[in-house]
Amino acid sequence: MVLQVYYWPMLARGAALVRMLEHTGTEYTYTSDKGEMAKLASAFGASVADTFAPPIVVDGDVMVSQSVASCLYVGEKVGLLPDSINKFKAMQYCADIVDTFEGNLGKHNEAADALKAFLEGSRFKSLMANLERGIKGPFYFGDEPSAVDFFLLQHMDWRSWTIFDPLKEAPYNVDVLKEYPKVVAIRDALRATDAYKKFDKMKPMGPIKEEILCAFKA
């Protein structure tokens, strides 16, 4: 049975699914048409399933939504969540990643002063240090990447493209990730894989507005 992925025509919250499937050479279909997604997503009026919104994964009679659940489901399906990994820790680490990049950073990137205060404050440092401590090295659970590593890549790509990378360039020259080498190493290692480099069906997201980043000008 070919796995079916339903998500918008962008990476964002569906990126881990695509990256894992590409990495393992697993056949899949990708649907981003809203009309088709509306047949499965309760948010768009569907009443035949219990999947609220994309990303949604369909595997035969099984339908799974929510970014963490769908990531871990696909990860297990393609061999990136083996029995040697504690599944509850995997869930915790994914939830920690969501807390860091969506629940916190994502709520402070709409205004210049708010973003600067958050990235320079203790909350961001505590959240990132917590992620760093969870990584055994070089990947979360050791020598081989897991579904959790691809979930981290999903969020690191998203925020690197939009915030972290632009801030490292002139005129800002600010590296907010320098104290978290293991987090950065996972992103860079997975970006260096052939599957990542060859995937060109969706483009990276662009930086957030300059008027928000401008608070970091020296």
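Let's start in a loop: Q66 sits between β4 (62-65) and α3 (67-77), with helices and strands taken as DSSP runs (H or I of at least four residues for helices, E of at least two for strands) and numbered from the N terminus. Its phi is near 75°, a positive value for a residue other than glycine. Q66 is also exposed, at 54% relative accessibility. Here exposed means over 50% relative accessible area, buried means under 20%, and partly exposed is in between, using a 1.4 Å probe and protein chains only.

A word on the source: this is a predicted model, where local features need pLDDT of at least 70, side-chain atom pairs count only at pLDDT 80 or more, and totals for chains, interfaces and linings use all residues. Residues are numbered from 1 along each chain as its sequence is written, and side-chain values use heavy atoms, with hydrogens and water left out.

**The overall picture**

The protein has 10 helices and four strands. Read along the sequence, they come in the order β-α-β-α-β-β-α-α-α-α-α-α-α-α. Is the radius of gyration what a compact globule would have, or what it would not have? For 218 residues such a globule would come out near 17 Å, and the protein has 18 Å, which agrees. That radius is taken over C-alpha atoms, and the globule rule is 2.2 Å times the number of residues to the power 0.38. Along the principal axes, the C-alpha atoms fill a box of roughly 55 × 40 × 30 Å.

Of the 218 residues, 50% count as buried. Among contacts with a separation of 6 or more, 67% are between residues 24 or more positions apart; a contact means heavy atoms within 4.5 Å. The accessible surface is about 10700 Å², and carbon and sulfur atoms own 51% of that. The areas come from the Shrake-Rupley method with a 1.4 Å probe, and for residues only the protein chains shown count as cover.

As for charge, there are 25 positive and 29 negative ones, and their mean positions are 4 Å apart. Lys and Arg are the positives, Asp and Glu the negatives, with His and the chain ends not counted. Each charge is placed at NZ of Lys, CZ of Arg, CG of Asp or CD of Glu.

**Around α3**

Right after Q66 comes α3, whose buried residues are S67, S70, C71, L72, V74 and G75. What covers them includes α1 (15-24), β3 (56-59), β4, α4 (87-104) and α7. Just past the end of α3, G79 takes a positive phi of about 85°.

C71 has 0% relative accessibility, so it counts as buried. Why does C71 make no bond to C94? The C94 sulfur is the closest cysteine sulfur to that of C71, but at 5.0 Å it is too far for a bond. With a disulfide taken as a pair of cysteine sulfur atoms within 2.5 Å, the count for the protein is zero. Another cysteine, C214, is partly exposed, with a relative accessible area of 32%.

**Backbone oddities**

Most residues other than glycine have a negative phi, and most peptide bonds are trans. Here are the cis bonds at two prolines, with their places in the chain.

| Cis peptide bond | Omega | Loop holding the proline |
|---|---|---|
| G137 to P138 | about -5° | between α6 (122-134) and α7 (147-168) |
| A170 to P171 | near 10° | between α7 and α8 (181-191) |

The loop between α7 and α8 also holds N173. Like Q66, N173 is a residue other than glycine with a positive phi, in this case near 55°. N173 is exposed too, with a relative accessible area of 55%.

**Two buried spots further on**

Where does G121 lie? It is in the loop between α5 (112-120) and α6. G121 is buried, at 19% relative accessible area. From G121 to F164 the C-alpha distance is 16 Å, with their positions 43 residues apart in sequence.

D96 lies in helix α4 and is buried at 16% relative accessibility. Leaving aside neighbours within four places in sequence, D96 is in contact with N130 and L131. P54 is 42 residues from D96 along the chain, and their C-alpha atoms are separated by 20 Å.
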